[in-house]
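Biologist: Please take a close look at chain C of this model. I would like the fold first, then the side turned to its neighbour, then whatever is unusual in the backbone.

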Amino acid sequence: MGLGAYVAVSGALFALGLIAILVRRNVIYILMGIEMILNAANINFVAFNRFGSMKLDGQMFAIFTIILAAAEAAVALAIVLNVFYLFDSIKPSEADLLRE
Amino acid sequence: MMSLAFDPATDFKLLLAVPAIPLVGYVLQIFLRKRLPHGDKLLTLGMFVVMCLTVYLGAKGLHAAYAGERFFHHSSEAGLEFGWLYSTGTVPAAQNLVMGVLYDPLGAAMLAVVGIVSFCVHLFSIGYVHGDKRYSIFFANISLFTFAMLGLVLADNLLVLFIFWELMGAMSYLLIGHFSHDPGQPFFHRWATWACKKAFLTTRVGDVLLFVGIFILWDKFHTLRFTELWAAAKETVAANGGEFPTWLTWAGLCVFGGTVGKSAQFPLHIWLPDAMAGPTPVSAMIHAATMVAAGVFLLGRMYPLLSPTVLSVVTVVGATTALFAATIGTTCYDLKAVLAYSTISQLGFMVAAVGLGGVVAGMFHMTTHAFFKACLFLSAGSVIHGCHHVQDMRLMGGLRKKMPITFACMLICTLAIAGVPYFAGFFSKDEVIKAGFLKILDRRTFDGWSLYALLALSLAAALTAFYMFRLIFLTFYGEYRGNQKQHRFSAMLAAEGVEGPDPNEHAAHDDHGAAHGAHDDHGHAHAQDHGHAHGDEHGHAAHGHAAHGHAAHGHAAHGHAAHGHAKHAPAPKVAHVVHAEKHDEHGGHAEHHAHEPHESPLVMTVALMILGLLGIFGGHFWLTEPQNVFNAHPWFEKLVTPTTLYGEEIASWCAPEPVGEAAVEHFEHLEHAAHLDALIVSSIVAGTGILLAILFYLVWPGIPGRIVAFLGQAYTAVRRKYYIDELVDATVLKLTWKLTYFQKWIDENVIDGLVKTVGALNKFLGVFAALFDKIVIDGAVNAVALASQVFGAAFRLVQTGRIQQYAAFAVGGAVLTAAWLILA
Amino acid sequence: MTEHLLSWITFLPLIGMGLIFFVPSTNTALVKTIALIATGIPFLLATWLYFGLFSKTTGELQFVERVDWISGIQAQYYIGIDGLSLPLVWLSTLLLFIGVPASFGIEKSQKAYYALLMLLEVGINGVFVSQDYFLFYVFWEVMLLPMYFLIGIWGGPRREYAAIKFFLYTLAGSVLMLVAVVALRIDMGGIEGMQAPFSIPEMMAKAKAGLLTGAHLPFGGTLLGMQFTTWVFWFLFIGFAIKVPIVPFHTWLPDAHVEAPTPISVILAGILLKLGGYGMIRACFPIVPSAFHEFAYVLGVIGVVSIVYGAFVALGQTDFKRMVAYSSVSHMGYVLLGLAAMTTWGTTGAALQMFNHGTSAAVLFLVVGVIYDRAHHRDLNGFGGLSQIMPKYWALTTLGFFAALGLPGLAGFVAEAMTLLGAYESALPGMKTLVLISVIGIVITAAFLLYAMQRVFLGKLNPKYAGYKDMTPRELLCQAPFLFLCVALGIFPFFLTDVMRASIDQWMATMGG
């Protein structure tokens with residue numbers, strides 16, 4: 001398999017994540033979408049690392065991203081809980097205080 | 001005709017059936033409570049079978065002993081062994097813990113004693129506990145207790161013994177707390193709730209020491225089987241040049257710690273008087289005849305492992321306990337409290353006997369004591385039952401005509417415990433004192449501790465005779481005082497020259513110095529943390545008598561009168577009068593004292609009579625020379641000797657027999673002298689005690705008051721049980737609570753505080769970033785915003801506040817940018 | 001079927017979860033039925049495995065399934081069980097199965113609740129069967145999320161605080177673990193001819209051969225003056241220690257317990273805490289045995305501190321559930337003490353203690369749940385005299401308390417006795433002193449349990465509670481299996497030790513004890 005295959009998977013994952021962010025009505029799904037996009041990036045890192053002339057740099061980036069993603073998940077879940085108690089819902093369409 | 005020869009193949013099955021019967025009874029009783037209308041009778045029947053079996057098997061032991069055969073059986077003879085805790089294959093197989101049954105002379109004697117006593121207690125309980133709300137649970141628990149005690153006697157190794165030992169502790173906890181579940185029992189209701197806990201925790205301190213002893217022995221010997229332990233100890237000492245290594249001394253001390261806890265020796269004796277909160281049959285069974293004797297039994301099993309140092313400690317602790325408990329016994333007015341201190345004192349005799357080298361004497365006294373003390377307690381139960389749950393001897397008197405059978409049994413057993421010749425206790429107590437004489441008469445074994453022990457034991461024996469006859473005279477002689485409502489105390493108080501009632505009565509009263517202070521401190525320390533309710537409850541719970549008795553007053557004095565304990569502590573007068581509560585048959589309080597005391601039903605008195613007979617004959621029913629009472633060997637001495645207990649080899653190592661003709665002669669001479677001295681001393685002390693009691697309580701009733709007045713503070717100290725409960729409260733318990741709150745504080749403030757600080761630091765960083773964001777960045781943005789307000793008006797249409805829409809715009813922008821980049 | 005038995009046990013609940021998603025949320029009866037079946041079948045399979053299929057004579061892994069999973073990093077789907085993990089798998093399937101009927105009282109969004117419960121079971125069982133560190137880590141994280149939501153949504157008044165504390169605390173542990181795993185993977189990857197660098201058995205073998213020293217890492221065998229193995233040991237140890245939890249990483253536990261609904265507390269105490277101890281046995285100590293031997297005494301000290309300190313703090317609690325939570329801290333200290341001893345009895349005792357504490361802690365939390373459901377508070381000082389109106393409840397609680405305070409004849413004693421006997425005979429200097437200190441914990445444990453018993457059940461009945469009903473059949477049925485285990489394993493401990501024996505022998509050999 002060549003680099004193209006990996007990039008294609010990554011692209012597909014990215015697109016799926018993006019779609020999730022844009023169309024889903026549930027914040028949890030949106031968070032999942034974000035995770036998918038991050039992982040699409042991870043795939044790229046690892047794939048380019050594999051086919052490039054680097055040592056392990058891509059992997060290191062990917063691990064860094066994973067840890068970041070975990071931290072982000074923690075913060076995001078806390079936000080979600082707060083949003084839920086504020087709006088009694090976790091649909092982003094109802095959380096429109098940004099308008100003010 | 002059944003043969004009296006021991007047959008391992010069948011008899012071990014019988015032995016296994018012995019503990020199995022009460023166990024099955026327990027299970028049936030618990031699960032079929034409602035569907036088993038005569039569960040109590042069935043259980044008692046089962047216990048009857050147990051009694052017959054144990055006596056039958058014990059008779060086999062005696063038969064063998066009189067035939068001169070060695071009677072020492074392990075169930076491995078019959079192939080009955082039970083691998084319990086396995087270790088693994090890579091280590092020696094010795095590491096596996098195998099359980100078996102050990103049936104030796106001591107076990108045979110003890111098993112028969114337990115069988116007889118528990119049958120009598122079951123029988124007695126049918127009458128005594130009748131009408132109790134938790135009647136069936138009572139029977140279930142006492143059966144499980146019997147199972148544990150029988151199992152303990154049959155255990156062939158230390159860990160199994162420990163298992164049953166702890167199980168008995170748990171059953172003791174449940175049975176002491178029996179009344180704490182029944183709101184119809186206002187007096188016990190308050191006392192039993194904490195007495196059971198106190199008993200369990202105090203003995204657990206000793207149990208943990210025993211556990212540590214087990215660790216040490218397991219670590220060094222890798223076996224816990226008694227027979228192997230004895231042999232290993234002998235080898236170890238031989239390898240160490242005839243001296244006991246230090247670690248073995250420590251192990252011995254730890255094992256003795258278990259005895260101190262379970263057999264209520266100083267200073268862990270404090271639980272036993274409070275254990276009287278349980279129903280009287282429980283006191284008779286657990287806290288007089290069997291469980292507390294288990295500590296002495298343990299010493300008998302472990303005797304070859306005890307180094308001379310340990311034996312000195314054992315001697316001193318036992319003798320001290322015997323003497324000091326006897327002194328307290330002379331000052332109590334609560335019928336059961338007298339017996340409780342008497343039990344502690346007699347256990348001290350047994351322990352001291354073991355320490356003095358008279359292991360057989362100690363075991364013998366344990367056996368006879370089980371008979372007569374169980375009888376005394378059951379008689380006391382019968383009196384209490386007859387007097388409608390009054391326990392104060394000042395409210396009794398003259399009962400000998402109203403309760404003749406109870407009186408007869410109690411008198412017999414009092415004669416026995418006092419050591420009057422020809423009664424059971426005489427033989428065994430005589431042996432104990434003889435052991436002391438034997439030790440100090442021989443120049444090689446003489447030491448100061450033994451001399452002290454001998455003096456203390458003699459004095460304690462005199463006191464025993466004194467307080468037991470005091471009990472008899474106060475209870476059964478004179479006029480019945482239960483109906484003298486108004487003046488019931490005046491005569492006694494004047495005679496005693498004391499104010500205030502007996503501290504053993506758990507009544508609220510006025511004069512209480514230091515103890516109260518300690519308690520109050522505590523209550524306040526608590527109150528700071530947990531509010532008043534907690535402090536109050538705690539004082540109630542974790543402190544000895546004094547704290548309990550004084551709680552109402554103490555809190556009133558400190559302005560807490562409105563809550564908790566103060567409310568349900570009865571008014572002092574009431575508390576003095578009524579020691580107990582409603583009995584279902586007899587209706588409310590008010591009527592109690594109108595009733596005349598009556599003799600107990602047959603089912604109770606039969607049990608008394610059986611034990612009373614054993615109180616007479618328990619010491620010597622198998623005398624070989626009945627005509628020579630004083631010099632003959634009682635049955636126990638024939639059955640149990642160091643040789644039959646531990647085998648030839650170990651016994652000769654423990655107590656070397658004299659070698660050579662001159663030495664043998666010398667030894668025989670010594671033994672004869674010791675026997676004669678013991679005989680004289682024990683007769684004199686018993687006579688003195690009884691005589692004093694007659695003088696004080698029958699002839700010149702004014703004397704006790706004058707003596708008390710003369711003694712003054714010293715008397716008060718004894719009456720307050722030497723303030724030991726208060727001392728424990730002020731030191732051990734206070735320290736425990738201080739440690740607890742200190743560690744709780746650390747947990748909440750230091751450890752969790754650290755965690756919270758890390759969280760707060762992160763939060764602070766967030767807030768700081770937000771402030772920076774607001775002032776610096778937002779400031780700049782605001783400037784721009786002013787300019788962009790114009791544009792804003794135009795773009796407002798786009799501002800929906802929906803994140804997803806924003807994201808869509810962003811993606812659209814990105815796509816456009818990408819398209820431009822690619823196309824351009 | 002039997003060759004994939006472990007996979008079935010692990011992933012059946014996932015199927016249940018999928019099914020639950022298709023049920024309309026109004027049809028709660030069907031949701032509960034599915035949950036019961038999806039947890040019941042794994043329990044039956046595990047029982048079959050335990051009593052029928054598992055061979056007690058070998059310490060090797062059994063029921064191994066091993067296929068390549070992520071070839072890029074050479075991670076494998078490698079699962080299998082031995083005598084150390086099988087009892088815990090069985091216990092977890094039992095606990096989760098009982099957890100379902102114990103949850104019938106929950107009203108709030110039941111569909112999501114049971115779905116998360118199923119996911120939790122997948123995570124827990126996955127950890128117990130994984131033999132590949134990557135897989136292990138994935139399951140470890142899978143378990144975290146459902147727990148977060150189960151506490152955070154269905155918990156008590158301070159649930160968010162507790163849930164976030166739990167999540168962040170455990171996440172911190174996971175991050176340390178992840179770093180250690182990556183380092184191990186890189187080091188393993190450098191060894192000649194290594195096909196499965198994530199495999200835990202391979203790591204053990206290489207560690208035993210002295211090959212796992214960090215030589216293939218960029219910085220070589222030492223970092224900041226400390227051995228590679230030391231780093232790995234402490235990172236993994238702290239990661240697992242947080243889960244156990246041992247002092248001083250325990251403060252999430254009381255909060256999580258107090259806020260979690262009863263069945264979740266039961267699962268948390270009954271099996272989640274054991275993951276920490278299991279992790280140490282399986283995936284920490286044998287991988288860096290040299291560092292373990294170096295620090296064994298420190299571990300012993302931590303264990304004893306946990307025992308004594310946990311007991312004292314429990315004595316000071318006024319909240320019933322907090323008290324029980326601290327008793328867990330105290331009891332789990334025995335696990336560490338037994339492992340640190342490096343003797344067969346100590347290790348067996350530690351393994352037994354994990355199982356037995358699972359049963360007795362389950363009983364205690366169910367006990368707390370019974371009274372909380374009625375009174376809606378857990379203040380120990382607010383009760384009194386309950387034995388008069390709830391005799392059955394009192395009887396079961398007494399049994400549970402006695403099991404927890406290590407009464408012989410009940411399960412706790414066997415484990416405590418083996419642990420302490422094993423620790424006392426340890427060759428490690430100073431271990432005897434530690435054991436002597438730890439016995440203080442035995443007395444204090446009895447003290448706080450009996451003190452609680454007195455305050456809740458004995459004494460004067462508060463008239464406020466006079467109308468309470470005794471335990472319902474459902475509550476009785478939920479407690480019955482655990483009480484049965486407490487009694488049965490106390491009398492017949494070899495039902496457990498027989499299964500563990502061979503594996504413990506092998507484990508001890510691996511550790512070079």
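Modeller: The answer starts with the chain as a whole and then moves to its partner.

The model is predicted, so local features are given only at pLDDT of at least 70 and side-chain atom pairs only at pLDDT 80 or more, while totals for chains, interfaces and linings use all residues. Residues are numbered from 1 along each chain as its sequence is written, and chains are lettered from A and ligands numbered from 1 in the order in which they are written.

Chain C has 19 helices and 4 strands (DSSP runs numbered from the N terminus, H or I of at least four residues for helices and E of at least two for strands). Its C-alpha trace spans about 75 × 60 × 45 Å along the principal axes. The radius of gyration of chain C is 22 Å, which agrees with the value near 24 Å for a compact globule of 513 residues (taken over C-alpha atoms, the rule being 2.2 Å times the number of residues to the power 0.38). Of these 513 residues, 64% are buried (20 or more other C-beta atoms within 10 Å of the residue's own, against 12 or fewer for exposed and partly exposed in between, with C-beta atoms placed from the backbone). Counting contacts in chain C between residues at least 6 apart in sequence, 79% join residues at least 24 apart (a contact being two C-beta atoms, placed from the backbone, within 7 Å).

Towards chain B, 46 residues of chain C are in contact with 44 residues of that chain. Two or more residues each come from α11 (289-315), α13 (344-375), α14 (386-389), α16 (411-424), α17 (431-457) and α19 (494-511) of chain C. α17(C) gives the largest share, 11 residues. This side of chain C has 29 nonpolar, 12 polar and 5 charged residues (nonpolar: Ala, Val, Leu, Ile, Met, Phe, Trp, Tyr, Cys and Pro; charged: Asp, Glu, Lys and Arg; polar: the others, Gly among them).

Two points of the backbone of chain C need a note. Most residues other than glycine have a negative phi, and most peptide bonds are trans. C:Phe63, in strand β1 (residues 62-70) of chain C, has a positive phi of about 55° although it is not a glycine. C:Phe63 counts as buried because it has 21 C-beta neighbours inside 10 Å. The peptide bond joining C:Val244 and C:Pro245 is cis, with omega about -15°; C:Pro245 lies in the loop between α8 (228-243) and α9 (252-259) of chain C.

Chain B also has a cis peptide bond, from B:Phe266 to B:Pro267, with omega near 0°. There B:Pro267 belongs to the loop between α8 (246-262) and α9 (271-274) of chain B.

As for helices in chain B, α17(B) (residues 424-441) has 18 residues and end C-alpha atoms 26 Å apart, in agreement with the expected 26 Å (1.5 Å times one less than the number of residues). Of the 18 residues of α17(B), 17 are buried. Helices α14 (residues 359-386) and α16 (residues 404-418) of chain B pack at an angle of about 145°, with axes 9 Å apart (lines fitted to C-alpha atoms over the stretch in contact, angles running from 0 to 180 degrees between N-to-C directions). Among the residues making this contact are B:Phe372 and B:Leu376 of α14(B), and B:Met410 and B:Ile417 of α16(B). The contact residues comprise 9 nonpolar, 3 polar and no charged.
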